[in-house]
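Here are some short exercises to work through at your own pace. Have the sequence and the model open, and try each task before reading its solution.

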Amino acid sequence: MVIQQRLLKFIMRTNWCLLAAASIVGLAATHLHFALGIVAGGLIVTLNFHLLYRNLKRSLTPPHLASHNVVLFKYYIRFILTCVIIFLLIASGYVEPLGLVIGLSIVVASIMLGTIREFIKLIYKEAV
């Protein structure tokens with residue numbers, strides 16, 4: 001359980017750090033619509049990750065166990081809302097799709113970094 005908590009904390013912090021870094025690089029190196037795509041995609045996916053964490057934590061703690069149907073309903077509502085927001089951003093021309101994809105990849109990158117970090121810790125722990 002300690003590894004999972006440490007990994008989750010690392011991923012949550014890394015999400016915001018990667019979002020800040022990608023936004024700064026995007027604003028400095030690309031044009032505005034591309035940078036806005038990075039920022040918007042990063043905010044969408046990071047907020048979705050936090051909302052999913054909060055929803056699962058509330059639903060799975062013993063005093064307030066929720067039905068799996070409630071959890072799935074909230075998940076699908078959030079998914080549909082996310083799709084609508086992404087559609088509106090692209091259709092209105094506020095963001096470039098490639099910048100949006102880069103922004104939407106922030107959580108995946110932080111999960112990969114966290115997994116690599118824990119794997120390296122595990123290897124060094126066994127070597128000692």
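The exercises below cover a ring pair, a salt bridge, a surface patch and the nonpolar cores.

Before you start, note that this is a predicted model, in which local features need pLDDT of at least 70 and side-chain atom pairs count only at pLDDT 80 or more, while totals for chains, interfaces and linings use all residues. Residues are numbered from 1 along each chain as its sequence is written, and side-chain values use heavy atoms, with hydrogens and water left out.

**Exercise 1.** Classify the pairing of the rings of Tyr75 and Tyr76.

Solution. Start with the rule: rings of Phe, Tyr and Trp (its six-membered ring) pair if their centres lie within 6.5 Å, and planes under 30 degrees apart are stacked, over 60 edge-to-face, the rest tilted. One aromatic pair is counted by this rule. The centres of Tyr75 and Tyr76 are 5.6 Å apart and the planes stand at 75°, so this pair is edge-to-face.

**Exercise 2.** Find the salt bridge of Glu118, and decide whether Glu118 is buried or exposed.

Solution. A salt bridge needs a side-chain nitrogen of Lys or Arg within 4 Å of a carboxyl oxygen of Asp or Glu. The count is one salt bridge: Glu118 meets Arg6, at 2.8 Å from N to O. Next, place the partners: Glu118 sits in helix α5 (residues 106-127) and Arg6 in helix α1 (residues 2-29), 112 residues apart. Helices here are DSSP runs (H or I, at least four residues), numbered from the N terminus. Finally, apply the accessibility cut-offs: buried is under 20% relative accessible area, exposed over 50%, partly exposed in between (1.4 Å probe, protein chains only). With 9%, Glu118 is buried, whereas Arg6, with 32%, is partly exposed.

**Exercise 3.** Which residues make the nonpolar surface patch of about 830 Å²?

Solution. Candidates have over 30% relative accessible area and no salt bridge, and nonpolar side chains (Val, Leu, Ile, Met, Phe, Trp, Tyr) are joined within 5 Å. Areas come from the Shrake-Rupley method with a 1.4 Å probe. The members are Leu72, Tyr75, Tyr76, Phe79, Ile80, Val84, Phe87 and Leu88. Tyr75 is partly exposed at 38%, and Tyr76 likewise at 48%.

**Exercise 4.** Which helix supplies the largest share of the largest nonpolar core?

Solution. A nonpolar core joins buried Ala, Val, Leu, Ile, Met, Phe, Trp, Tyr and Cys residues through side-chain atoms within 4.5 Å. The largest has seven residues: Ile11, Met12, Leu19, Val45, Phe49, Ile106 and Val107. Helices α1, α2 (32-60) and α5 each give at least two, and α1 supplies the largest share, three residues.

Terms used
Patches are made of residues with over 30% relative accessible area and no salt bridge: like charges are joined within 9 Å, nonpolar side chains (Val, Leu, Ile, Met, Phe, Trp, Tyr) within 5 Å.
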